[in-house]
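Please open the model in your viewer, with the sequence panel beside it, and follow the stops below in order. Each stop suggests a selection and then says what is found there.

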Amino acid sequence: MNQRSRYTLCTLLAFLSLTGFSPTIASQERDVAGVIRDALAAESETAHVVSDGVGTVYVPPSHVRFWLHYELPVGDLETGLVASTALEVPLRAYLGARELRPSSLEIDPPHVASLEESRSTIAIALSFSMAGLVGGEVGAAKFGNLCESIKLLGQDLGYTVSGPHLEIAESAAVIKDAVQVATEQAYIGASGVAAALNGAVREVERVTIQGIEWNNPPDTEASYPTIELIACTARVQVTYKL
């Protein structure tokens, strides 16, 4: 029995008690159990409509991230792992000399890739704010120059570079907006069904989020993310009472 059914049961029992109803009185036409069965049956016969909705929102990226991967000297693992502590100083010096100012520089602890081969690696994340790197030819040129500079950094210092990865700082807020748009789209379909049945949507019974997908909007053949926009698509299924 769900919460609504329990509420219905309690309401009926309270009403019957106030009106003096007693299941022991022979003159009663129906007992309490019969009244409850009828009420629950009426509730279960309430018309429902299930509608799917898809919603996509587009937001500008807040930052771009590049990953630098470095394989530490092969041989003695102890020597290789100790060598990882010396990577930050020359990296920061290189960035400063070329006026590359990341908003964050994160060096992960070393990863032992192969004990048998005494091989270990380290990963470094460089993030740059997208402010000033979007909009018009100037923004595109600056972004392209940044990418070329990071590629050159990898060549000069011996890193394998991956990226650019365009990201947003507040992904939860973007997901919330996408779900809201998808739910609004689901209501359009449900209200159409209700109108066809000469009824109306009374309330939402249940909302199920079926999926959240980044940078694969269903309504375009364009590739995302772009340097100006990230796409977030939500898919929901909404059950309404008519």
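Begin with the largest nonpolar core of this predicted model, which holds 40 residues, and select Val64, Leu68, Leu91, Phe128, Leu146 and Ile150, the members that touch the most other members. To see where the core residues come from, colour strand S1 (48-59), strand S2 (63-71), H4, strand S5 (119-129), H5, helix H6 (171-196) and strand S8 (230-241), since each of these elements gives two or more residues to the core. Helix H6 gives the most, with 7 residues.

Stay with one of those central residues and centre the view on leucine 146: once neighbours within four places in sequence are left aside, leucine 146 is in contact with Val64, Phe66, Leu100, Phe128 and Leu133.

Now zoom out to the whole chain, which has 6 helices and 8 strands, and trace the elements from the N terminus in the order α-α-β-β-α-α-β-β-β-α-β-α-β-β. Of the 242 residues, 31% count as buried, and among contacts between residues at least 6 apart in sequence, 75% join residues at least 24 apart.

Next, select helix H4 (residues 88-97) together with helix H5 (residues 136-157), which pack at an angle of about 140° with their axes 12 Å apart. That angle makes H4 oblique to H5, and H4 passes H5 in a right-handed crossing. Which residues in H4 and H5 meet? Show side chains for Leu91, Tyr94 and Leu95 in H4, and for Leu152, Leu153, Asp156 and Leu157 in H5, to see the two groups that meet. By class, this contact of H4 with H5 has 6 nonpolar residues, no polar ones and 1 charged residue.

Move on to strand S6 (residues 160-167) and pick out leucine 166, which counts as buried because its relative accessibility is 15%. Beyond the residues up to four places away in sequence, leucine 166 touches Pro61, His63, Val64, Met130, Phe143, Pro225, Thr226, Ile227 and Ile230. A distance label drawn from its C-alpha atom to that of glutamate 228, 62 residues apart along the chain, should read 9.3 Å.

The following stops concern backbone geometry, where it helps to recall that most residues other than glycine have a negative phi, and most peptide bonds are trans. Still in strand S6, select proline 164, which is joined to glycine 163 by a cis peptide bond with omega of about 5°. A cis peptide bond also joins tyrosine 224 and proline 225, with omega of about 0°; proline 225 lies in the loop between strand S7 (203-214) and S8, and is one of the residues that leucine 166 touches.

In the loop between S7 and S8, select asparagine 215 as well, whose phi is positive at about 60° although the residue is not a glycine. Asparagine 215 is partly exposed, with a relative accessible area of 22%. Asparagine 198, in the loop between H6 and S7, likewise has a positive phi of about 60° without being a glycine, and asparagine 198 is exposed, with a relative accessible area of 74%.

Finish in strand S8 with threonine 239: is this residue buried or exposed? Threonine 239 counts as buried, because its relative accessibility is 6%. Its contacts, again leaving aside neighbours within four places in sequence, are with His48, Val49, Val50, Glu203, Val204, Glu205 and Arg206.

Methods:
Residues are numbered from 1 along each chain as its sequence is written. This is a predicted model: local features need pLDDT of at least 70, side-chain atom pairs count only at pLDDT 80 or more; totals for chains, interfaces and linings use all residues. Side-chain values use heavy atoms; hydrogens and water are left out. Axes are lines fitted to C-alpha atoms, for helices over the stretch in contact, and angles run from 0 to 180 degrees between N-to-C directions. Helices (H or I, at least four residues) and strands (E, at least two) are DSSP runs, numbered from the N terminus. Angles under 35 degrees count as roughly parallel, over 145 as roughly antiparallel, 65 to 115 as roughly perpendicular and the rest as oblique. A crossing is left-handed if the near helix is turned anticlockwise from the far one by less than a right angle, and right-handed if clockwise. Contact means heavy atoms within 4.5 Å. Ala, Val, Leu, Ile, Met, Phe, Trp, Tyr, Cys and Pro count as nonpolar, Asp, Glu, Lys and Arg as charged, and the others, Gly among them, as polar. A nonpolar core is a set of buried Ala, Val, Leu, Ile, Met, Phe, Trp, Tyr and Cys residues joined through side-chain atoms within 4.5 Å. Buried means under 20% relative accessible area, exposed over 50%, partly exposed in between (1.4 Å probe, protein chains only).
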